[in-house]
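Thanks for coming, everyone. I'll take a few minutes on one chain, so let me put it on the screen.

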Amino acid sequence: MAWYSLERWERPQPFGLEALAMDQKGYRRGSFQSSTSDEDMLEIAGASLDFSMAEDDPPLDREMGGFTSYNGGGMNGTSKMMDFLEEPLPGVGTYEDFNTIDWVREKSRDRDRHREITSRSKESTWALIHSVSDAFSGWLLMLFIGLLAGSLAGLIDISAHWMTDLKEGVCLAGFWFNHEHCCWKSNTTFTDRDKCPEWMSWSQLIIGHGEGAFAYILNYFMYVIWALLFSLLAVLLVKGFAPYACGSGIPEVLSAAAAAGVSVAFGAPIGGVLFSLEEVSYYFPLKTLWRSFFAALVAAFTLRSINPFGNSRLVLFYVEFHMPWHLLELVPFILLGIFGGLWGAFFIRSNIAWCRRRKTTKLGKYPVLEVFVVTAITAILAFPNEYTRMSTSELISELFNDCGILDSSKLCEYVNDFNSTKGDDLPDRAAGPGVYTAMWQLALALIMKVFITIFTFGMKVPSGLFIPSMAVGAIAGRLLGVAMEQLAFYHHDWIIFSGWCSQGADCITPGLYAMVGAAACLGGVTRMTVSLVVIMFELTGGLEYIVPLMAAAMTSKWVADAIGREGIYDAHIRLNGYPFLEAKEEFSHKTLAMDVMRPRRNDPPLTVITQDSMTVEDIETIINETTYSGYPVVVSRESQRLVGFVLRRDLIISIENARKKQDGIVSTSIIYFTDHSPPLPPSSPSMLKLRSILDLSPFTVTDQTPMEIVVDIFRKLGLRQCLVTHNGKLLGIITKKDVLKHIAQLANQDPDSILFN
């Protein structure tokens, strides 16, 4: 037997949906009475919500002419939420795992709880304290989120630095020291500061020397082994903790956590808040903005207190540039933006193709094996090149660096003319052998990272997107920056350089090109704009570089959007079939709610529950034969007048509890959702009242409501379902999946292939 009602969610939403506050001027409060006019309608978000009654239909409650209160997750905030048998039942109003949370209902319940606490605050001192603690509970939670994010970030930064060095050697003074910390107390010269006797490579520790082919092979082998051991650790951590991260999250907490995470990852509290606004949440009220900013501030302060890098900075690759940029440099900056857009589009298409292959072949059945194989290949390819052997954060730091007199990196091995040096500012110089060696090594590193990132992102362990994308752009930018620097040095008399770059001047800053390239590639992959520019600005601490960053970020977005509209997050949401309505896309088709609702023509009738004529056995049969999350409640099958909506989980818990604790409840007992029991013969078994679990104000629209408005309601309010009525009579139901399938159908896609793969 086929039933059509609310579909059960198979997967969680990728990001939590925030419910829109309902206590605005256009919303109706209190009660609504029966009426004889078809014009008695409520307009919410542009949609007409029809609660009118015709004269030939009985009132919804047989003993009363109308409703005196609302219940559930609707628009009234003064009602009791649950009062089954005078007291709430454990489990009623909760959700099963991997079910989307009804944020409209939860927002209403939270307001009811808050009003009740406030009303009791004048009764006693304890009630007043409870009221104050409730008011500050949200801020206290943000404080804990910030403290936890900052502490974990510090732990991760320190551990990652130590683990990276552990792949190459160990500190004899203490195995818990990384290479830099191990050599702090060494008496070696400045040029040999990385070759202190306290630090030994694995070949030196095992065979007594670090030179020769066998020592190189041994270090190579240990590097790969440690990489595999760390990947095993990642697998174990994911298996242990990932199940707790699945499912829907509280929107405000998710927004604040995202802001705090970006804040500590890039040392950019303001950028973290803007990232949460731009990428994570499409409903971002002022309260969430303030609390997200507070969480990001606390996280940044906590990480600064830990000082994991020992330089009083929040990130390893913080850099300050001192030389201004010239207007003509906008041309290479825009070229970097074009490269970032092309790379972003290429990466998204390639990564999605690989992830789709993973999902549709046997490869997806062996995620742990895939992690080990990809790790082994990455380690084998990375070790020979010093720029891929080091951690990606260290690589970005070196690429961003503006070469000084004391820098010993290959990227800074220029032909020095100390007679032209003024203070700490070095003029543009001819590249030495070390620079040319570094250039081809970086070119090889660029090729490797371009392709290896395609396979690493999307695996069953976190492998990163921001830092690898920034590394690709930073390498490309540094290569272009050095090329521009040498071009200006050898051809300073060209017309493009003659006006602003004289011989012996410090004109070009290759590190700035690396930073702009990093922003361009990250923007091409994620399609971030405002938050990206602010994050990079906070990384450099210089206002004068905002224009190059803006030019590169916008160019990369335009180029990437011209090839494909989706960013990497949107593409993975679509690939995984998550029921997510993208807020950035406009719905411009002229269709109505009746075109999308179910049941459709030739479909079996909608599964409904009557308000006072069905037995326990009848409802249990419906529950056993369907998998829907909830059912509309109507006056009778003949009238189809809508009463409300009841959740499947609440029905199951209430009936099971009543059978155990309420005398006389049997399979033939009548279940009623009205205030007063229906008239029955004296010999009838005890009846079960379940009005308390009934949502008396479910969201409804008329059958003539434009789908443009319906889609907007689903996006802004995070609805799970919307009932469709005509003159108060129930016609059908629209779920978020129905909306997504309708949008896919209008885009000439197979509606059955886009969801729940």
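**A walk through the chain**

Let me start with one side chain. F497 counts as buried, because its relative accessibility is 1% and the cut-off for buried is under 20%. Keep in mind that this is a predicted model. F497 sits in helix α15, which covers residues 495–498. What does F497 contact, leaving aside neighbours within four places in sequence? The partners are M484, L487, A488, H491 and H492. One distance to add here: the C-alpha atoms of F497 and C507 are 9.1 Å apart. Those two residues are ten apart along the chain.

Now zoom out for the totals. The chain has 757 residues, and 51% of them are buried. Its secondary structure comes to 24 helices and 13 strands. Next, contacts with a sequence separation of 6 or more. Of these, 72% are between residues 24 or more positions apart. The exposed area of the chain is about 35500 Å². Carbon and sulfur atoms supply 60% of that area.

On to helix packing. Two packed helices are described by the angle between their axes and the distance between the axes. My pair is α9, residues 330–360, and α16, residues 510–526. The angle is about 35 degrees. The axes are 7 Å apart. The crossing of α9 past α16 is right-handed. Which residues of α9 and α16 meet? From α9, the set includes G337, G340, G341 and G344. F333, F339, W343 and F347 are also among the α9 residues there. On the α16 side, the list includes G517, A520, C521 and G524. L512, Y513, V516 and V525 of α16 take part too.

Next, the surface. There is a nonpolar patch made of L128, V132, F136, W139, L286 and W290. Together they have about 630 Å² of accessible area. Two elements give two or more residues each to the patch: α2, residues 125–166, and α8, residues 286–306. Which element gives the most to the nonpolar patch? That is α2, with four residues. Take F136, which lies in α2. F136 has a relative accessible area of 53%, so it counts as exposed. The cut-off for exposed is over 50%. Set that beside F497, which is buried at 1%.

Now charges. Side chains of opposite charge can pair when their charged atoms come close. How many salt bridges does a search of the whole structure find? The search finds 15. I'll show three.

The first one on my list is R113 with D134. Their closest N and O atoms are 2.5 Å apart. R113 is in helix α1, residues 103–120, and D134 is in helix α2, so the pair ties together parts that are 21 residues apart in sequence. R113 is partly exposed, at 37% relative accessibility. D134 is buried, at 13%. D110 joins in as well: D110, R113 and D134 are linked in a network of salt bridges.

Next on the list is E566 with R574. The side chains meet with an N to O distance of 2.8 Å. E566 is partly exposed, with a relative accessible area of 27%. R574 is partly exposed at 38%.

Then D712 with K716. Here the N to O distance is 3.4 Å. Where do D712 and K716 lie? Both are in helix α23, residues 707–717. They are four residues apart, about one turn of the helix. D712 is partly exposed, with a relative accessible area of 32%. K716 is partly exposed at 40%.

One more charged residue: E279. Is E279 buried or exposed? With a relative accessible area of 12%, E279 is buried. E279 lies in helix α7, residues 269–280. Setting aside residues up to four places away in sequence, E279 touches T526, R527, M528, Y569 and K584.

To recap. F497 is buried in terms of accessibility, at 1%. Helices α9 and α16 pack at about 35 degrees. The nonpolar patch has about 630 Å² of accessible area. R113 and D134 form a salt bridge, and D110 belongs to their network. That's my tour; I'm happy to take questions.

Terms used: Residues are numbered from 1 along each chain as its sequence is written. This is a predicted model: local features need pLDDT of at least 70, side-chain atom pairs count only at pLDDT 80 or more; totals for chains, interfaces and linings use all residues. Side-chain values use heavy atoms; hydrogens and water are left out. Buried means under 20% relative accessible area, exposed over 50%, partly exposed in between (1.4 Å probe, protein chains only). Contact means heavy atoms within 4.5 Å. Patches are made of residues with over 30% relative accessible area and no salt bridge: like charges are joined within 9 Å, nonpolar side chains (Val, Leu, Ile, Met, Phe, Trp, Tyr) within 5 Å. Accessible areas come from the Shrake-Rupley method with a 1.4 Å probe; for residues, only the protein chains shown count as cover. A salt bridge is a side-chain nitrogen of Lys or Arg within 4 Å of a carboxyl oxygen of Asp or Glu. Axes are lines fitted to C-alpha atoms, for helices over the stretch in contact, and angles run from 0 to 180 degrees between N-to-C directions. A crossing is left-handed if the near helix is turned anticlockwise from the far one by less than a right angle, and right-handed if clockwise.
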